[in-house]
Amino acid sequence: LQMLEQQVLGGEQAQNKDLKEKHKRRKKYADERRLQLVAALQEANEDSSERALLNVYDSIQEEVRAKSKMLEKVQEKLQAAETEIKDLQLEFGLEKTDYLSTIRRQERDLMLCQQLLDQVQSLVRRDCNYSNLEKIRRESVWDEDSGCWKIPEPVIQKTHLP
């Protein structure tokens, strides 16, 4: 009776050692594969985890639906990325326009200051150190702390005749 139970519980080939070994190998391979898939899922992000799994579909329509959903997700991500690129390009264009207008305004201000200096220089007394603008530029120093130029004080050099 026990022998019949063992045969019934294990099937006809319950005593077959080759079959037991084959079953152990399959189980070991399945366990290893499962551990690999778990590790791959933990390491990969959402997109790559879908690629790591082998999807089995019952019908072609089910496969088409699943792949269509994946395609829609990818298209949504693509559209979001394109929108972000357009926003960045628009923002860059606005900043570029702003920088260019600032440069043009500064160039106009610089030209005005230069023309004023040219006109005023002729009115400065010859015995003043401000009569030579190049000398003033050489002697001027930029102060990083205050963020302005340190220019020499105006001095009038009186000449004494003997």
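**Exercise 1.** Decide whether Ser140 is buried or exposed, and describe its surroundings.

*Solution.* Start with the solvent: Ser140 has a relative accessible area of 14%, so Ser140 is buried (buried is under 20% relative accessible area, exposed over 50%, partly exposed in between, with a 1.4 Å probe and protein chains only). This is a predicted model, where local features need pLDDT of at least 70, side-chain atom pairs count only at pLDDT 80 or more, and totals for chains, interfaces and linings use all residues. Residues are numbered from 1 along each chain as its sequence is written, and side-chain values use heavy atoms, leaving out hydrogens and water.

Next, place the residue: Ser140 sits in the loop between helix 5 and strand 1 (141-143) (DSSP runs numbered from the N terminus: helices are H or I, at least four residues; strands are E, at least two).

Then look along the chain: 5.6 Å separates the C-alpha atoms of Ser140 and Lys150, which are 10 residues apart. Leaving aside residues up to four places away in sequence, Ser140 touches Trp149, Lys150, Ile151 and Pro152 (contact means heavy atoms within 4.5 Å).

Finally, check the side chain: one of its polar atoms in Ser140 lies 2.7 Å from the backbone oxygen of Ile136.

**Exercise 2.** Now do the same for Ser131: is Ser131 buried or exposed?

*Solution.* With a relative accessible area of 15%, Ser131 is buried. Ser131 belongs to the loop between helix 4 (60-121) and helix 5 (133-139). A polar atom of the Ser131 side chain is 2.9 Å from the backbone oxygen of Cys128. Not counting residues up to four places away in sequence, Ser131 touches Gln121, Val124, Arg125 and Arg126.

Note on methods
Polar contact = N/O pair within 3.5 Å; in protein donor to acceptor, adjacent residues only side chain to side chain.
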